[in-house]
Every structure is written in C-alpha cells, then in structure tokens.
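User: I am beginning to study protein structures and would like to learn how to read one. Could we go through a model together, step by step?

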Amino acid sequence: MTVLARGGRPPRTPPVNLLGGPALRRAGLAVILLAACGFPLVFTNQQVASIGVDTLIFVTATVAWNIFSGYSGYISLGHAVFFGSGAYTAGVAARDWHITGPAEFALLPLAAVVAAAIAVPFGLIALRVRRHTFVVITIAIFFIFQLMAFNLSFTGGTIGLNAPFLLWSPVTFDQRFFYIALVIAVATIALSWLIRRSRFGLQLRAIRDDEDRASGLGVRAMRVKLAAFVISAFFTGLIGALWFFFIGQVLPDSGFDPIFDLTVALMAFLGGLGTAAGPVLGAVILEPAQQYLTQQVNNSYLSQILLGSVFLLVILLLPRGLVTTAGERITKWQARRRQAAAGPAAEGAQPGSGPGTPDRLGADQRPRGGVR
Amino acid sequence: MTASPGDLGDRLPGSVLLRAEGIAKAFGGVQALGGCTVDVTRGSITGLIGPNGSGKTTLFNVITGYERLDAGDVYLDGRKITNARPQRVFAHGIGRTFQLTRIFARLTVMENMLVAAQHTGLRVRNPLARAGGAADRRRAMELLEFTGIAGHAGALAETLSYGQRKLLELAYVLVADPAIVLLDEPAGGVNPSLIQHIAARIRELNAAGKTFLIVEHNMDFVMDLCGHIAVLDYGTVVATGPPEIIREDPRVLDAYLGTAEDDDDAAQR
C-alpha cells in the first residue's frame, strides 16, 4: 500500500490537439490571418466590406467580454456600458476639442481608458454579489447609463453625437476601418489567449469553478475579478469608439443597446464560453448572418427574433458551445480508438495498476454524470 | 482577550501552533459555538470529535476565515489571525479541506494543484507568465504521486471518483506547504482500503513534521491516528486528552449517546 507506483500509469486523457501539432496549428493561424488581411481587397462590394468591419467589431467585443465573463463565470449583461461610454467619450472629445479628420483615431486609447475607469466603481459594486444577482445588477447599471445618455446635456440627449467627417472614398473608407479593426481584434485575441494560459487566467477559472475554495487557496478573488473586468471594459470601450467612427453617429439607444449585451453573450455561448477560440468563432458565424439578414430582409425585427431563437437553441442543444463540444467529441473518439488499439494486450502490461492503488479504489463511487 | 501577539507569545507554551481561544459564534438564535478553546500542539495530529451539530465545522470555518466569529481569538504561532479573510489565513500557513470535497471541476488535476501554488507572499510576479513554472509543476507532480493520483494529472477534475477527489483535495492543500492542515472528515464516504491509504499518507506527512487538526466521525480512524483529541458538544469543549482517556470518558459517552443518527448521516453522504 505504501509503495506507490511512481508515474506508473499513462495519463488517461492526453492533451487534445484539435488542429494537430503546434506547427500545423501555427500554419492554420497564419492562413486565417492572411485570409482576413486579403478580405477587403477581394470583396470591394461596399455592403460586404461593411459586414467585414462589423464582424471584426463584434469579434473584439465578444473576446473582450469573454476575458471577464467567460473565464470568471460572472455573466455580465452590462458591457454595453463600456461600449457606449467608449463611443460617447470619442464623440464628446472630438466635439469639444474640435478634432476633425483622421486625427480622431488618436482618441481611441482615451475612450478605452475612460471605459476602464468606469469599470472600477462598477466592478466594486457589482462584483460583491454572484450569479443571478450579479447579472441583475449589471443590467440595472446599464440602464442608469442609458438614462444618463438620454438626459445629460453634454451627451446631446436624444439627438446623440456625430463623428468627425472623414474625406475618404467609400472603398478606402471600409478598407481602412477594416485594417484598424483587424489590428484591434488580433491584439484582443492575443491578450485573451495569453490570459487564459497565465496564472491570472488560472485564478479566474478557479473562481468560476468555486470562488470560496479558490480564496481558501490564496487567490485574492476580488482583485482578480476586478482586474479582468477592467481589462474587458478597456477593449470594449476601445472598439465602441471605433464603431462610433465607423457608423458616424451615436444615439443613447444605439450606444447603450441592450441587444449588444445579448449579442456578445450569445456569440460567446455559441462558440464556447471560457475558451479562447470560441468567442471568435461565435462572432464570425453570427454577426455576418445577422447583418446579411438585416440588409436583405430590410426588417430589423426579423433578425432580432431570429437572434432570440438562436439563443434558445444554443442554450438547449449546445450549452457548452461549439469549441467545447467538439473538443469533448474528439477526446471521446480518441479514447475509444486508443482502447480499441490497446485491446487485450494491455491487460497484463500495467503492473502499477494493481487493485490496491487509488486509481482503482473508489471506482464504484464514481459520480454518475450530471450536468454542471 | 485583548492580548497583543507579543504578550501572548509569552503566555503560550512554545509548542502550541494553533490556538482558538474562547470562540463564540451564533447563527440567528442558535449558538453554534459557545466560548470553546482548542489548542493544537506543533507536530501533533489532533482530533476534533463530537456529535452532529456540535460545532466542529463551524470552528473550522471560523479559524479559516469563512465565518466571522462573535467573540474569541485565533492565534497561529502566537500571531493573532482573528477574522482574517480566507486568502490571508492560507497565506499565514493554514490549509484546509472541506467535508464535501470542493475541487475545481473544469480544471485539470494539474491545474487544480497550480491554483494553490499561486500564493507568492510579497514577491511580485508577472501575472501574464504561464501558469505553473517548472518548479511548481514538479512539486505538484510529487504531491500527486505521493497521494497516488499522478496518473490523472492531465484529466479534468470532474472525471475523478469521489475518493480520488478526496486525495486531490489533500494534495492541493499541501502545495503551498502550510504549517498546519485542517481536514474536515477525510475518511467520510470513502471505502475502507482508501481510508487506510489516507491514514498512511497523513502519518507519513506528520512524521515529516506536518501538524494536523482533523474532524472525523470514523472513531477507529481518529483513535488510531490522533495523539490528542478534543470533544465538542453543543459548542463547547467537554473533554480533551489522549485517545485512551477519551474513549473511557463518561462525558464523551454521554455526548455520543444515541449516535446511531451519526451513522445514518454518514451513509447519506
């Protein structure tokens, strides 16, 4: 009993490589990036190019949302606060400081910083509570901001704000926005990936699984959650400002739009909440579909009804998202294949797995499935 | 009760590592703990027993910062840590497990181990550095091998059996090398051979100098393992002493009268 087989058994589930080895994975990423870079050169049709920019905006927003909500498990339905604040910051600054033309892009970092600064008091209030209460508080704070946009004098009230005019031809307009959005999206995705594999990300995911247990193991939960919330707000505000420049106008209910919150949440859920690639996938699938419908059907209500239906289907059929579900399928398939390959020959070949080791002990008490 | 850490150091014998002094805690009208004092000697395995509802887990929660106490003080190594938050208590050197095992279900077993390895004290580390450096991973792997679940390091923790979860909890508490480990029912709901395995691991750690405070309903386990036992009943300590004395103490027998319910309770888990 006391003699334990040192490293006797191979791991039951080796790490899954969805895209093969690291070299193949790198090649795949390079191809995707090249395709993204070539997109506006191939599709010069203005409607399609515009969908490309919108998609990148939502890729960024969803990845930013996932850095907080996906990794920590705290579902925020108030991220439009940061999106709108970014847009309004850029709008107010451009108006009051008389900024015109391409110089407006210098305001993007300012918009991001303002959104991040708003996230500090917002987080300190909302992050005291968990789960459903947290969701409700984020919605409440969202409506406070929307009301402020309607009623404060410097926001332009119901008329909203106009972005500085850009003297770009329609084709270059979309192309330039596409590349700016692409840079921001790639930076956000890279940071999201770095965070996920870092100690910071591990602490966030530990908080998602059991916050009290995590703090009992030395995780400073409040600090970690707040940091993720602020980082998430930073990129949401940044992309909010870019969206404002692209659209050319912000209104209280377009900047602070409850549909925005539902959309980013749905995109993340569809792709795989808490994964690095999931939110990108979700946004790339849903945003073009939604834009296409809006352009073709000329009826925004229909696309909203469809959005709601997709949300229901995802929650019912794919609660863990495409990336996670696919990963589980592949793991199962690999395990089956390994078992079949090992076959009866492996029976006697595992001296470390005698009946006394804990690998076998308690096997009868294995929890019976169940959804977490 | 107002003693500063300095003068308590003089009052306490140097051998006391953890002292919970005059702890009181009420939930609404229910007095869970009514001024109980428990000492844990450095290098000992101390048992904490008592019928259900006697306040054992509440005492654990108060010591580790999960509940705020109404009165009393907690000292670790002569240092007052009363009402410190859980992450501070852990940083001070108290690790604990829970009665119902609490693991990070959607992290791998190795990642579970690395959560506890994140504790850095005052050292500033790059937060974006990859989780778990080589040294952390090596130490985590050693502990997984020690508890006997190293073969599952890459598996998601939710795939572990109940007994393996108990072992994982024991392993990740040890990662940060706490001065004292509080175990809440380490033998609860696991099969007899695994109980033997867990007891052997605890004994081995204790021989290497680790101090334990253990809440447990399994009397054979406690009497066999612990050098010193405190008995709680209705939130106060009714008896303390070595197992052979406790076994014969009439107050203990009295407190445990009708202990058939305990067995039912254990079976439910």
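Analyst: We may begin with how much of a chain is enclosed. In chain A, which has 372 residues, 42% are buried. The model is a predicted one, and 48% of the 269 residues of chain B are buried.

User: Which helices and strands does each chain contain, in numbers: how many in chain A, and how many in chain B?

Analyst: Chain A holds 13 helices and two strands. Chain B holds 11 helices and 10 strands.

User: How does one see whether contacts link distant parts of a sequence?

Analyst: One takes the contacts between residues at least 6 apart in sequence and asks what share joins residues at least 24 apart; in chain A this share is 80%. For chain B the corresponding share is 69%.

User: How confident is the prediction for chain A, in terms of mean pLDDT?

Analyst: The pLDDT expresses the predictor's confidence in each residue, from 0 to 100. Chain A has a mean pLDDT of 82, with 85% of its residues at 70 or more. Residues 1-17 of chain A have a pLDDT below 50, and this stretch makes 37 contacts in the model beyond near neighbours in sequence. Residues 345-372 of chain A are also below 50, with 44 such contacts in the model.

User: How should I read a single helix, for example α3 of chain A, and how many of its 17 residues are buried?

Analyst: A general rule is useful here: an α-helix has 3.6 residues a turn, so residues three or four places apart point the same way. Helix α3(A) covers residues 80-96, and its 17 residues reach 23 Å from the first C-alpha to the last, close to the 24 Å expected at 1.5 Å a residue. Because 13 of these 17 residues are buried, α3(A) is largely enclosed by the rest of the structure. Just after this helix, A:H98 has a positive phi of about 55°.

User: Why does A:F244 count as buried?

Analyst: The cut-off is 20 or more other C-beta atoms within 10 Å. A:F244 counts as buried because it has 29 C-beta neighbours inside 10 Å. This residue belongs to helix α8 of chain A, residues 221-247. Leaving aside neighbours within four places in sequence, A:F244 is in contact with A:A87, A:A90, A:G91, A:A163 and A:V250. The C-alpha atoms of A:F244 and A:P164 are 10.0 Å apart, although 80 residues separate the two along the chain.

User: Let us turn to chain B. In what order do the strands of its six-stranded sheet lie?

Analyst: A sheet is read from one edge to the other. This open sheet of chain B follows the order β6-β7-β8-β3-β9-β10, and its pairing is mixed. Strands β6 (94-96) and β10 (236-241) of chain B are at the edges with a single partner strand each, so one side of each has no neighbour in the sheet. On average, neighbouring strands of this sheet are turned by 20° against each other, direction ignored.

User: Which strands pair with β3(B), and in what sense?

Analyst: β3(B) pairs with β8 (residues 211-215) of chain B in the parallel sense over four bridges, and B:T46 has B:L213 as its bridge partner in β8(B). β3(B) also pairs with β9 (residues 228-233) of chain B, again parallel and over four bridges; there B:L48 stands opposite B:A230.

User: Are the faces of β3(B) covered or uncovered?

Analyst: Both faces are covered: B:I45, B:G47 and B:I49 are buried on one side, and B:T46 and B:L48 on the other.

User: What is the order of strands in the four-stranded sheet?

Analyst: That open sheet of chain B has the order β2-β1-β4-β5 with antiparallel pairing. Its edge strands are β2 (30-41) and β5 (79-80) of chain B, each pairing on one side only. Within this sheet, β1 (residues 16-27) and β4 (residues 71-76) of chain B run antiparallel and are joined by five bridges, with B:E21 opposite B:D73 in β4(B).

User: Where does helix α2 of chain B lie?

Analyst: Helix α2(B), residues 56-63, lies across β3, β6, β7, β8 and β9 of chain B, at about 145° to β7(B). α2(B) also lies across β1, β2 and β4 of chain B, running at about 110° to β1(B).

Notes:
Residues are numbered from 1 along each chain as its sequence is written. Chains are lettered from A and ligands numbered from 1 in the order in which they are written. This is a predicted model: local features need pLDDT of at least 70, side-chain atom pairs count only at pLDDT 80 or more; totals for chains, interfaces and linings use all residues. A residue is buried if 20 or more other C-beta atoms lie within 10 Å of its own, exposed if 12 or fewer, and partly exposed in between; C-beta atoms are placed from the backbone. Two residues are in contact if their C-beta atoms, placed from the backbone, lie within 7 Å. Two strands pair if DSSP finds at least two bridges between them. The expected span of a helix is 1.5 Å times one less than its number of residues. Axes are lines fitted to C-alpha atoms, for helices over the stretch in contact, and angles run from 0 to 180 degrees between N-to-C directions.
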